[in-house]
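Thanks for making the time this morning. I would like to walk through one model with you, beginning with a loop and then turning to the surfaces that face the nucleic acid.

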There are 2 protein chains.
Amino acid sequence: MKETMRPRYEARAKILKAMAHPSRLMMIEELQKQERCVNELTEMIGADTSTVSKHLSVLKNAGLVTDEKRANCVYYSLRCACVMDFIGCVEDVLAARSADHQKIMKSCKK
Amino acid sequence: MKETMRPRYEARAKILKAMAHPSRLMMIEELQKQERCVNELTEMIGADTSTVSKHLSVLKNAGLVTDEKRANCVYYSLRCACVMDFIGCVEDVLAARSADHQKIMKSCKK
DNA sequence: TTCTTATTTGGCCATATAGCCAAATAGCCA
DNA sequence: TGGCTATTTGGCTATATGGCCAAATAAGAA
């Protein structure tokens, strides 16, 4: 691999990796609608608070969310709305894939 | 988490996870330009053939690439071009992040 | 058939991840 | 201050991942 490009691919991979978890995807989608504190997200996800907290720190570490302490809660919010474009892209891939499947299924029936 | 949505988030996560590796991102980008056999990709990546083969099977498993045996080589190609939209999205995030950084740097100088 | 090249698979090891529980920390409020 | 709530951190275990080497497989070429 061209070594000059390596850091760039690593940076991209880091972002993708941070998103590559069902719970984190769910949180991202929720945070796109509105900011939320750890507690609220924990209820939503249905896992241990510490687990959710760690997921959030993964997202924060990747620069996808920011946090702000207010009152006695820590509110997380999406750092840039463009993250949501991903979801659309993923859905396109899923749609393309299932279209392929259907094509295959149809050709089997013949 | 709403249990009806869980499979959907899992499907999305699977796609993202498959892409979340520097070598695999590089291969995707290359395959978008043209199909390539394992050998060619191996040279490009600079890892063991078996490693590259396993990366390819990850991508195949996620439905991102297809393979076709011709002559004595296995040619891989991108299954749907929309995968490349991702890269654009990731770059947007990276750009937004670095814009934030610069803002912070500027505000520090004042 | 035997050699050769291309690819995949299995084995092994080191490292990373996800999850839970328990403990530490931070800040509000009485 | 002391108690309460929210959150993070540390410790632990189970599992997954990435990498290499070596061996198995597949298919063309001699």
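Is Ala71(A) buried or exposed? Bear in mind, as we go through this, that we are looking at a predicted model. Ala71(A) is exposed, with a relative accessible area of 75%, and its place is in the loop that joins strand S2 (65-70) to S3 of chain A. What draws my eye to Ala71(A) is the backbone, since phi is positive there, at about 50°, although the residue is not a glycine. In chain B, Ala71(B) lies in the loop between strand S2 (65-70) and S3, where phi is near 55°, again a positive value in a residue other than glycine. Ala71(B) is exposed too, its relative accessible area being 76%.

Let me move to DNA strand C. Around this strand there are 21 residues, and the closest are Ser50(A) and His55(A) from one chain, with Asn39(B), Ser53(B) and Tyr76(B) from the other. Of the atoms of DNA strand C that come within 4 Å of the protein, 67% belong to sugar and phosphate. The elements that each supply at least two residues of this surface are helix H4 (49-61) of chain A and, from chain B, helix H3 (38-45), helix H4 (49-61) and strand S3 (73-78). By class, the surface near DNA strand C holds six nonpolar, nine polar and six charged residues.

Which individual contacts would I look at here? His55(A) places a polar side-chain atom 2.6 Å from a phosphate oxygen of DNA strand C, and for Lys17(A) the corresponding distance to a phosphate oxygen of the strand is 3.2 Å. The side chain of Lys54(A), by contrast, has an N or O atom 3.0 Å from a base nitrogen of DNA strand C.

DNA strand D is likewise surrounded by 21 residues, the closest being Asn39(A), Ser53(A), Tyr76(A), Ser50(B) and His55(B). Sugar and phosphate make up 69% of the atoms of DNA strand D that come within 4 Å of the protein. Here helix H3 (38-45), H4 and strand S3 (73-78) of chain A, along with H4 of chain B, each supply at least two residues of the surface. The residues near DNA strand D divide into six nonpolar, nine polar and six charged.

As for contacts on this strand, a polar side-chain atom of Lys54(B) is 3.0 Å from a base nitrogen of DNA strand D, while Arg24(B) has a polar side-chain atom 3.2 Å from a phosphate oxygen. Finally, a polar backbone atom of Asn72(A) lies 3.4 Å from a sugar or linking oxygen of DNA strand D.

Methods:
Residues numbered from 1 in each chain as written. Chains lettered and ligands numbered in written order. Predicted model: local features only at pLDDT ≥ 70, side-chain atom pairs only at ≥ 80, totals over all residues. Heavy atoms only, no water. Near = heavy atom within 4 Å. Polar contact = N/O pair within 3.5 Å; in protein donor to acceptor, adjacent residues only side chain to side chain. Helix = DSSP H or I, 4+ residues; strand = E, 2+ residues; numbered from the N terminus. Nonpolar A, V, L, I, M, F, W, Y, C, P; charged D, E, K, R; others polar. Buried < 20%, exposed > 50% of the residue type's maximum accessible area, 1.4 Å probe, protein only.
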